[in-house]
Amino acid sequence: MKINIDKNILFNQCQLYLARVYTRQKNFDQAKEFFLKVIEKEPKKQEAYIELASMLKKNNDLMGAVDVYSKYPLDLDNNKQTSGDSFDDAYICGELVSLLISAQNYDDPRLTKYLIIWAKIFGISIIEKYIAILDKANKVKACKEVYASVHGKSVDDADLQQFFKLKGWI
């Protein structure tokens with residue numbers, strides 16, 4: 001019996017295992033190097049992004065983790081439906097939002113971008129907690145932009161203006 005194995009995928013999987021070994025040995029520079037090699041060869045290899053970002057987060061490099069997640073190639077066309085790929089993308093979006101909020105980096109343009117994508121996949125209720133944090137930090141413009149984009153409307157839309165008044169954003 002002959003088994004067909006793609007040697008490139010096998011080699012890349014070995015590099016991922018090496019990255020994991022280096023992470024466990026706390027050799028973070030080597031681990032990062034191998035994670036980045038995996039990502040370069042397989043840009044949609046989500047576990048490489050997640051594990052690299054997790055390693056960076058554990059080493060208090062929140063913005064490094066944000067940078068890693070923001071390089072993940074989201075399937076924006078697919079995110080209009082709820083498919084397996086969109087759920088994978090939603091995980092990345094959620095992690096990125098959580099990291100930016102934890103770092104209190106409310107003015108980073110990636111925050112609104114990923115809040116919008118995440119809410120378009122799972123619905124606006126998934127981001128309510130983060131909108132409340134932005135509201136409390138007086139980031140009203142970002143809150144309004146997110147709500148408008150998720151609903152496919154302009155910030156100046158009459159219906160949204162009523163909602164924004166109710167929220168105290170006008």
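Where does asparagine 138 lie? In this predicted model, asparagine 138 is found in the loop between H7 and H8. The paragraphs below describe the chain as a whole, then its largest pocket, and then the region around H8, where this loop is found.

The protein chain contains 9 helices and 0 strands. Read from the N terminus on, its elements follow the order α-α-α-α-α-α-α-α-α. Taken along the principal axes, the C-alpha atoms fill a box of roughly 65 × 40 × 20 Å. The chain has 170 residues, of which 39% count as buried. Contacts between residues at least 6 apart in sequence were also examined, and 48% of these join residues at least 24 apart.

The surface and the charges of the chain were considered next. About 10,000 Å² is exposed by the protein chain, and 52% of this area is supplied by carbon and sulfur atoms. The chain carries 25 positive and 23 negative charges, and the mean positions of the two sets are 3 Å apart.

The largest pocket has a volume of about 200 Å³. Three elements each give two or more residues to its lining, namely helix H1 (7-24), helix H2 (28-41) and helix H3 (46-58). Of the elements, H3 gives the most to this lining, with 4 residues. The residues that line the largest pocket include the charged residues Arg20, Arg24, Lys26, Glu51 and Lys58. Phe28, Phe35 and Met55 are also among the lining residues, as are Thr23, Ser54 and Asn59.

One residue of this lining, arginine 20, lies in helix H1. Is arginine 20 buried or exposed? Arginine 20 counts as buried because its relative accessibility is 16%, and the cut-off for a buried residue is under 20%. When neighbours within four places in sequence are left aside, arginine 20 is in contact with Gln13, Phe35, Glu47 and Glu51. Two of these partners, Phe35 and Glu51, also belong to the lining of the largest pocket.

The loop between H3 and helix H4 (62-70) holds asparagine 60. This residue has a phi near 60°, a positive value in a residue other than glycine. Most residues other than glycine have a negative phi. Asparagine 60 is exposed, since its relative accessible area is 70% and the cut-off for an exposed residue is over 50%.

A positive phi is also found at asparagine 138, where the angle is about 65° although the residue is not a glycine. Asparagine 138 counts as exposed because its relative accessibility is 61%.

Helix H8 (residues 140-150) is mostly covered, with 8 of its 11 residues buried. The buried residues are Val140, Ala142, Cys143, Lys144, Val146, Tyr147, Ala148 and Val150. These residues pack against three other helices, which are helix H6 (109-122), helix H7 (128-136) and helix H9 (158-167). Just after H8, glycine 152 takes a positive phi of about 65°.

The packing of H8 against H6 can be followed at threonine 112, a residue of helix H6. Which residues does threonine 112 touch, not counting those up to four places away in sequence? Threonine 112 touches Ala142, Glu145 and Val146. Of these, Ala142 and Val146 are among the buried residues of H8. Threonine 112 and valine 146 are 34 residues apart in sequence, while their C-alpha atoms are 6.1 Å apart in space. Threonine 112 is itself buried, because its relative accessible area is 11%.

Helix H7 contains alanine 132. Alanine 132 is partly exposed because its relative accessible area is 45%, a value that falls between the cut-offs of 20% and 50%. Along the chain, alanine 132 and threonine 23 are 109 residues apart, and their C-alpha atoms are separated by 36 Å. Threonine 23 is one of the residues lining the largest pocket.

Note on methods: Residues are numbered from 1 along each chain as its sequence is written. This is a predicted model: local features need pLDDT of at least 70, side-chain atom pairs count only at pLDDT 80 or more; totals for chains, interfaces and linings use all residues. Side-chain values use heavy atoms; hydrogens and water are left out. Buried means under 20% relative accessible area, exposed over 50%, partly exposed in between (1.4 Å probe, protein chains only). Contact means heavy atoms within 4.5 Å. Accessible areas come from the Shrake-Rupley method with a 1.4 Å probe; for residues, only the protein chains shown count as cover. The place of a charge is taken as NZ of Lys, CZ of Arg, CG of Asp or CD of Glu. On a 1 Å grid over the protein atoms alone, a cavity is a set of points where a 1.4 Å probe fits but cannot get out, and a pocket is an open set with protein on both sides within 12 Å along at least five of seven lines; lining residues have an atom within 4 Å of a point. Grid points are joined across faces, edges and corners, and a volume is the space filled by probe spheres set on the points.
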